[in-house]
Amino acid sequence: MELEGRIEVDDLHARLGGREVLHGVSLRVEPGEALAILGPSGCGKTVFLKHVVGLLVPHRGEVRLDGVAVHRMDPATLRSVRSQMGVVFQGGALFDSLTVGENVAFPLRRHRRLAEERVQEIVAEMLNLVDMGGTQDLLPGELSGGMRKRVGIARALVLGPKVVLYDEPTAGLDPVTARAVDRLMAFLRERTRTTTVLVTHDLLTAFAVADRIAVMEAGRIVAAGSREEIRSSRHPLVRAFLESSAVSEAQGGGRS
């Protein structure tokens with residue numbers, strides 16, 4: 001199945017350990033569009049992403065990729081679809097025993113039959129793209145948090161995915177590094193025009209990368225719209241995010 005990149009979520013309910021985590025989430029993401037799901041920790045954002053990649057089965061409702069329900073895909077189709085999706089996990093989720101180059105090459109060796117020389121060329125190209133050129137022989141333990149995020153992004157993009165999912169891409173980073181990662185994600189999104197979904201608790205990240213923003217609270221979408229519509233929202237959670245981000249910028253944590 002060749003992905004175009006359309007994501008449709010209808011009335012998605014999720015339960016974990018007998019507790020309902022998502023309560024009827026409905027969203028649309030068009031091919032090439034970037035959507036940010038903004039919300040506090042524990043509100044269900046990561047659970048939502050796991051349904052998009054088929055790691056969890058909905059309790060009710062469904063997630064569709066190009067019109068096909070993910071949880072109804074046969075194993076071969078799901079493998080094909082996942083090979084066309086890039087996921088950037090919290091913390092980068094790099095393999096500690098592999099070098100930077102081996103981490104980025106891992107998807108290529110798993111899903112492509114390429115000569116080793118071509119693998120190394122692609123790895124070098126991707127690392128240069130995320131400003132990590134020449135780091136192939138380093139181990140993840142030798143990298144800063146921001147560098148690990150960049151390598152994680154390179155690995156997610158190495159197969160040329162149609163859909164990219166970011167799970168809290170700036171979590172744990174200092175404000176200056178977080179804004180640098182924001183600029184990198186925005187640049188890559190403009191360059192590749194992939195369908196992008198990022199979940200974050202950082203409003204500055206959401207504004208930097210996304211065309212539209214959906215605000216999640218306790219497993220429900222409580223506000224959604226363009227950046228301008230979110231700025232003008234009167235919902236208490238949205239106002240709290242806006243006010244906290246304004247304080248952060250005033251203290252020197254804004255974009256440079």
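The legends below describe close-up views of salt bridges and of one helix in a predicted model.

**View A. The salt bridge between Lys162 and Glu2.** Among the 21 salt bridges that the structure holds, one joins Lys162 to Glu2, with the closest N and O atoms 3.8 Å apart. Because Lys162 sits in the loop between helix H5 (145-157) and strand S7 (163-167), while Glu2 belongs to the segment before strand S1 (7-16), the pair ties together parts that are 160 residues apart in sequence. Lys162 is partly exposed, its relative accessible area being 31%, whereas Glu2, with a relative accessible area of 66%, is exposed.

**View B. The salt bridge between Glu33 and Arg212.** The side chains of Glu33 and Arg212 come together in a salt bridge with an N to O distance of 2.5 Å. Glu33 is found in the loop between strand S2 (19-29) and strand S3 (34-38) and Arg212 in strand S9 (residues 212-217), so this pair links parts of the chain that are 179 residues apart in sequence. Glu33 has a relative accessibility of 14% and therefore counts as buried, the cut-off for that class being under 20%; Arg212, with a relative accessible area of 26%, is partly exposed.

**View C. The salt bridge between Arg118 and Glu121 within helix H4.** Here the side chains of Arg118 and Glu121 form a salt bridge at 3.1 Å, N to O. Both residues belong to helix H4 (residues 116-129), and because they are three residues apart they are separated by about one helical turn. Arg118 counts as partly exposed at 34% relative accessibility, and Glu121 likewise counts as partly exposed, at 36%.

**View D. A network of salt bridges.** Glu8, Asp10, Arg28, Glu62, Arg64 and Arg72 are joined into one network by salt bridges that share partners.

**View E. Helix H6 and its two ends.** Helix H6 (residues 175-192) has 18 residues, which at 1.5 Å a residue should span 26 Å, and its end C-alpha atoms are indeed 26 Å apart, in agreement with that expectation. At the N-terminal end, Asp174 acts as a cap, with a side-chain oxygen placed 3.1 Å from the backbone nitrogen of Val176. Beyond the other end, H6 is followed by Arg193, which has a positive phi near 55°.

**View F. The buried residues of helix H6.** The buried residues of H6 are Ala178, Val181, Leu184, Met185 and Leu188, together with Arg179, Asp182 and Arg189.

Definitions and conventions: Residues numbered from 1 in each chain as written. Predicted model: local features only at pLDDT ≥ 70, side-chain atom pairs only at ≥ 80, totals over all residues. Heavy atoms only, no water. Salt bridge = Lys/Arg side-chain N within 4 Å of Asp/Glu carboxyl O. Helix = DSSP H or I, 4+ residues; strand = E, 2+ residues; numbered from the N terminus. Buried < 20%, exposed > 50% of the residue type's maximum accessible area, 1.4 Å probe, protein only. Expected span 1.5 Å × (residues − 1). Polar contact = N/O pair within 3.5 Å; in protein donor to acceptor, adjacent residues only side chain to side chain.
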